[in-house]
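This report introduces a predicted model. It turns to a sheet with the helices beside it, and then to enclosed cavities.

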Amino acid sequence: MSLPEPAGAASRPLLQQPERLKARLRQVPPEPGCYLMRDADDRILYIGKAKVLRNRVRSYFQGGPKHSPRITLMVWQVCEIEFIVTDSEAEALALESNLIKHHQPHFNVLLKDDKKYPYLCITWSEAYPRIFITRQRRFRSPLDRFYGPYVDVGLLRRTLALVKRVFPLRQRPQPLHKDRTCLNYAIGRCPGVCQQKISSDDYHHTLRQVAMVFQGRNEELVELLQLQMEKYAERLEFEAAGRVRDQLQGLDALTADQKMSVGDSSVSRDVLALAADGRVAAVQLFQMRAGKLVGRLGYTADAVGLPPLEQGAGGDLPPSPERQRALGLILQRVVEEHYSQVEPVEIPPELLLQHALPQQALIEEWLSERRGRRVKLAVPQRQQKAELIELVERNAAYELERAQRTAEQHQLATEDLAQLLELPSPPRRIEGYDISHIQGSDAVASQVVFLDGLPAKQHYRKYKIQSSSIQAGHSDDFMAMAEIMRRRFRRWSQAKAEGADLRELRRAAGSALHTGGLNDWPDVVMIDGGKGQLSAVMEALRELNLDGDLVVCSLAKQREEVFLPGAKQPLDTDPDQLGVQLLRRLRDEAHRFAVSFHRQQRGERMKRSRLSEIPGLGPKRIKELLAHFRSIDAIQLASPEALAGAPGLGPALARQVWEYFHPQEREEATGAAE
C-alpha cells in the first residue's frame, strides 16, 4: 500500500527526496517482473525486467557498478516507479519487449524503423492469403506474418519472382475479369483464386510450402516434395509427379546462387554482429542453414552515449568492459525483437554472438522454451566460428559506412539551409505543410516532419479542413493554410499567454526533458506555395502572437523559389544547392502525404454514398460490409451466397445488395417470372 505523499512530491525527482525514495524501494517486491521509471510529467523514461525486482531497482539508486551517462541522466529524472509482477523471468522478458514496442521509452535501446530494409508479408488471416514485399510493418491481424527485414532487396525480389514461377500463387490483388480466369491460370501460374477453383485449405497448404523458403527451411521442403513426388509416381499420377519435379528443379535454381558455405553442414545457426559509432549501430544477422547462407537480415539501433573506442599507439584498443556491455545490450534488443516475431520452427539450435548478452542465460532459456528444444548461445573466440563472426562484423561495418555517408549528406543539407535562412545552428526539426482538394471537395492538409534531414513518419499529422466556407465548388488555399497554422500552434500560443518562457520550452523540446507536453517545436516551418500562402500563414501566426518566434519560409513550385515573410523577392538560391534540395524533398513528401489522404477521404465518401443508396444498409452495416470484402469492387463481384455470409446481412438483404449491382439480371429474372 502506498504511503501518503506531501503536495508536489510526485513532481520532484526521487533522488531529491531520500525518505520518499526509501519508502518506494520498500514497496517493490522481491519477485520477477518489469519496472517502469516515470518523470515529473508521468512519461515513461525506461522499462526494464528483473528476476528480483527489489534488487534491480535498488541498484539504480545505491552505490555499486558505475552507470553509463545515459542511465545516470535517466535516474536523475525519475519521479515515480511502477512495477508489474510476473510468474517467471521468462514472462518478464516477453512483457518487457511488448511494453518497449508500445511505449518507445527514450532511455531504452530502440531499434530504428527508418523503412531502410524491406519485409516479406504473408496475410494468413485471409481466406486466400497474399504474399508481397513491403517496408511498412503494420499488423492488420495477429495471424499475418512478416519475414525479414532483408538487406538485399534485389535478391528478395528475384526470390519472390522465382517462387511465383515455381508455385501456383495468386498473381494479382484484384481479379482481372469478373466471370472468368485470366491467362495466368491457363499457363499454371495461378490456381484460379478469383473464381475459387482451389479451396482455401489447399491454397493455405501451398503457401505453407512457400513460407518454408523464406524461413530458411529449403532442405526440409525438398525432402517433403521428394516424398510427395514418389507417392504420386507410385499411384501412377505422373502429371502431378511432373509438377512436383518442376518445383524441385526450381528450388535447385533458387539455391544455386548461394556461394557462401561452411564445412559443418549438419548444424543450423544464426550469426549476429554489429558495428557502431557514436550515433547509430548497424546490426547484421546471417542465417546459416545446413552449412549455407540462406538469409541476411539487417537492423539499425540508436547508439547515442555509447562508450567510445580507446586509442593506443598501434590503433584502436580492445573494447572496454563498459563498451562491450553496451554493445551486448544492443545485440540483446535485436535478439528479443527478432525471435519474438518468428515462428518457433525458425529458431536455430545455435546462435553465435559477437558480444555476450547482459542476460544471456535468460535469453537462452527463453529461446529454448519457444523452440521446444535447447538453444545454445555462444561467443566464439577462435577457429571457424570466430571467422564467421568477423565476416558478419565486416558486413555490418559496410552498412554502417553507408549510413554514415547518408547522414553526412543530410548534415551538409541542414547546414546549408541554416546558412540560407540565417539560422544560428542547423535545424533539427523541419515541418512541411500542403493542402489537397478537388475544387474544394474533401479538402485536407498534411504535416510532415524531417528530423536531422530524414523523414520521421511517427510525427506526421493529417488534418481535415473544418472551415464551412471551403466546400465543393469553392476553394480557398489561403484560408485553409491559415486554419491549419491556428490548430497546429494553438497550444504554444496558450502557453505563451500564460506567461511561459518559450525559449526554455524550445530548449526542453530538443532534449530528453519535455515540459508540459510541448515537445514538438519546429526549427523551420515550410509552406508549399508562394507569397500568398506565406502571407496567410503569417497573419494566422500574428493572431497567435507567435510570428516573431517561428522561422517560416515557402517554396514556390514553378521556379523552386524560396520566399521569406515580408520580402518582395525570393532568396538568391540555386535549385541544386543542398538546402533547397532538402526543402524540395520536404515539399514533395508533404504533397504526397496530402494527396494520399485526400484520395482516401474521397474514396470513402464515394463508397459510403454509393452503398447508402441501398435500402436497409445503414452506416454500421456499410462499415461491416466494407471490412469483410475490403473494397466495393469485391462486393459487386460477390455472389448472393457470399454476400449472405457477411456479418449483418441475411439472405433477403444480401439479395437486395446483389440486385442493386446487377439490375440487368434482376430485370431478366422478373421478365421470366411474368
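## The five-stranded sheet

Two strands are taken to pair if DSSP finds at least two bridges between them. In general, the strands of a sheet pair through backbone hydrogen bonds, either parallel or antiparallel. On this basis the predicted model contains an open sheet of five strands, in the order β9-β8-β7-β12-β13, and its pairing is mixed. The edges are formed by β9 and β13 (376–378); each has a single partner strand, so one side of each is left without a neighbour in the sheet. From one strand to the next, the twist averages 20 degrees.

The strands β8 and β9 run antiparallel and are joined by 10 bridges. Among the residues concerned is Val280, whose bridge partner in β9 is Asp302.

## Helices against the sheet

Helix α11, made up of residues 360–371, packs on the sheet and touches β12 (350–353) and β13. The direction of α11 makes about 150 degrees with that of β13.

Helix α12, residues 383–421, lies across β7 (269–276), β8, β9 and β12. Relative to β7, helix α12 runs at about 45 degrees.

## The largest cavity

Rolling a probe the size of a water molecule over the atoms shows where empty space is left. With a cut-off of 30 Å³ or more, the count comes to two cavities. The largest cavity has a volume of about 120 Å³.

Which residues lie nearest the centre of the largest cavity? They are Phe146, Tyr147, Gly148, His338 and Val342, out of 16 residues that line this cavity. The elements giving two or more residues to this lining are β6 (145–147), β9 (292–302) and α10 (321–341). By class, the lining of the largest cavity comprises eight nonpolar, four polar and four charged residues.

## The second largest cavity

The second largest cavity holds about 40 Å³ of space. Its lining consists of Gln215, Asp270, Gln287, Arg289, His338, Tyr339, Val342 and Glu346. Two elements, β8 (280–289) and α10, give two or more residues to the lining of this cavity. The lining of the second largest cavity divides into two nonpolar, three polar and three charged residues.

His338 and Val342 appear in the linings of both the largest cavity and the second largest cavity. Helix α10 likewise gives two or more residues to the lining of the largest cavity and to that of the second largest.

How values were computed:
Residues numbered from 1 in each chain as written. Predicted model: local features only at pLDDT ≥ 70, side-chain atom pairs only at ≥ 80, totals over all residues. Heavy atoms only, no water. 1 Å grid on protein atoms, 1.4 Å probe; cavity = no way out; pocket = protein on both sides within 12 Å on 5 of 7 lines; lining within 4 Å. Points joined across faces, edges and corners; volume = space filled by probe spheres on them. Helix = DSSP H or I, 4+ residues; strand = E, 2+ residues; numbered from the N terminus. Nonpolar A, V, L, I, M, F, W, Y, C, P; charged D, E, K, R; others polar. Axes fitted to C-alpha atoms, helices over the stretch in contact; angles between N-to-C directions. Contact = heavy atoms within 4.5 Å.
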